[in-house]
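Colleague: I am new to this structure and should be grateful for a guided reading. May I put some questions to you?

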Amino acid sequence: MKRREFIKLATASSLTLSQQLAHLACRHKTRRPNIIFIMSDDHASRAISCYDDTLIRTPNLDRLAQEGKRVDLFFCTNAICAPSRASILTGQYSSRHGVVDNSQEFKPSQATLPELLQQAGYQTSLIGKWHLKTAPIGFDYYLILPDQGDYYNPEFIDKSHRFQLPGYVTSILTSRAIDWLKSRDRQKPFFLCLHHKASHRNWMPDIEFLSLFRDQELPVPKTFFDDYQNRCPAASLQEMRIADHSYLTYDLKLFPLDDKQLNDHEQTGLAYWNSVFSRLTDDQKKIWEEAYREENEEFKRKKLEGPDLALWKYQRYIKDYLRTVASIDKSLGQLLDYLDQAGLSDSTIVIYTSDQGFFLGEHGWFDKRFMYEPSIKTPLIIRYPDGLEKGVEKDHLLLNIDLAPTIMDVAGIDIPPDIQGSSFKRLLQGMKVSSWRESIYYHYYEYPGVHSVRRHYGIRTKQHKLIHYYNDLDCWELFDLEKDPDEVVNQFSNPEYQSVKEVLQNRLEEMHREIG
Ligand code: SGN
Ligand code: CA
């Protein structure tokens, strides 16, 4: 509106000029979309039915995808929690924001997405897992879990207190998120981050889902008994095999166990188990004991060994993991219902993602860290009825460092120059982009460390992946993802792949230099 027209309108109306200005400013602000950013912990795409319906039905995540956009080629840049979260906050690779592994502190002096949104007039809040050691900044309100947090009757930290809340973590986080939405300042657009603890280890389901999948056999990945032949030694040197490295008690809920018969590994697991199980109330403990009793007794009678024992462990692991996912899906349903009731659905972008993927038995593993697909491929679903095209984005390689610039772009904020990711807003709108990255860079650093995954970096294009293990190893892997989606045939020494290898190695060198 031109200034002269505005003054004419203001004087003609019964409102004063300053009231008109306030009204206009307010209208401008409310036109900017609200943003709800939901991030789970270790949630693999294979455990969301709109990506793959062989394991679990997730009707609310599917609803979000149907009403919005599912992104198929979305990757993290370092498949572990703190680095990934720092990349999402800053739009930068680990090497630039400095959180290369879970032991590093996030430097609070760095500009982050919530701070920029806050400065632009958004009301900001964070509810759930944080895991960055230094206190969150850029949030008007926060309620975080200390470190990894607990599933049952968890502790919380807000700006001034540390306290315990009764109940199951996913339900508490959801109701707190909805409470915050109800009490927010309605004059401002909002940015709400809901960061679940689920589906992180040790996969403790809510009481209402304890019997989900009981008496069912879930499908076993075809690489479950992988022998790691022709791969680099890193694949066999890891310590994240379900068969060998999970704990019978802490991970697999085989309780009660006579501790005198346990080896050192299981003694450690039992100590962890006692610390988490002791958080339950007596009533909760009774329900848990009853829920697992019959199967645990049967297990003890059978005295399984070898592959049968490994498969029993897989079934127990995958069921408990998926039971925690069922709570995440329920939580999303409650939040979407609230948005509908409050009339917010059309004005609110809902983003669902995870900090990285997870192995659900592929190669015999749990956990993540490796540059293999189940670990780096991360779910991403975005719904915005008022602005984005519906459907599936499967043609472009997107990264977690793209989230911050995309959200800034959508919120009308200038993207700072030190951001390394790119806004994919145009892709979400169904528009063509003239140039987009043809390959992605990955770097994992946390070794020595839990699960003993060796340091490595690599490059992935739509068809190929080249990985270099360094530090205490010097070994390469090359996979043809079209012919070998399970990544079990290393083509690095195959002469047929000589030219592919050279192109990828050159590009990887360039990326090392560009990314720093
Ligand atoms: C804990 C887990 C590990 C997991 C890391 C990192 N062990 O140490 O299995 O890899 O967190 O996970 S546990 O006994 O404490 O459950 S991350 O998602 O935070 O990076
Ligand atoms: Ca994680």
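Colleague: How many Å separate an oxygen atom of ligand 1 from an N or O atom in the side chain of arginine 369?

Modeller: The model is a predicted one, and a polar contact requires N or O atoms within 3.5 Å. The side chain of arginine 369 supplies an N or O atom for such a pair with an oxygen atom of ligand 1, and the distance is 2.7 Å.

Colleague: What percentage of the area that ligand 1 exposes when taken alone does the protein bury?

Modeller: Cysteine 81 also approaches ligand 1, with a backbone N or O atom 2.9 Å from an oxygen atom of the ligand. Taken alone, ligand 1 exposes 460 Å², and the share of this that the protein buries is 85%.

Colleague: Is tryptophan 288, which pairs with tyrosine 152, buried or exposed?

Modeller: The two rings lie 5.8 Å apart, centre to centre, with 85 degrees between their planes, an edge-to-face arrangement. A residue is buried when its relative accessible area is under 20%. Tryptophan 288 has a relative accessibility of 0%, and therefore counts as buried.

Colleague: How far apart are the end C-alpha atoms of helix α12, which should span 52 Å?

Modeller: Helix α12 comprises residues 306-341, and 26 of its 36 residues are buried, so the rest of the structure largely encloses it. At 1.5 Å a residue, the expected span is 52 Å, and this agrees with the separation of the end C-alpha atoms, which is 53 Å.

Note on methods
Residues are numbered from 1 along each chain as its sequence is written. Chains are lettered from A and ligands numbered from 1 in the order in which they are written. This is a predicted model: local features need pLDDT of at least 70, side-chain atom pairs count only at pLDDT 80 or more; totals for chains, interfaces and linings use all residues. Side-chain values use heavy atoms; hydrogens and water are left out. Helices (H or I, at least four residues) and strands (E, at least two) are DSSP runs, numbered from the N terminus. The expected span of a helix is 1.5 Å times one less than its number of residues. Buried means under 20% relative accessible area, exposed over 50%, partly exposed in between (1.4 Å probe, protein chains only). A polar contact is a pair of N or O atoms within 3.5 Å; within protein, one must be able to donate a hydrogen and the other to accept it, and residues adjacent in sequence count only if both atoms are side-chain atoms. Accessible areas come from the Shrake-Rupley method with a 1.4 Å probe; for residues, only the protein chains shown count as cover. Rings of Phe, Tyr and Trp (its six-membered ring) pair if their centres lie within 6.5 Å; planes under 30 degrees apart count as stacked, over 60 as edge-to-face and the rest as tilted.
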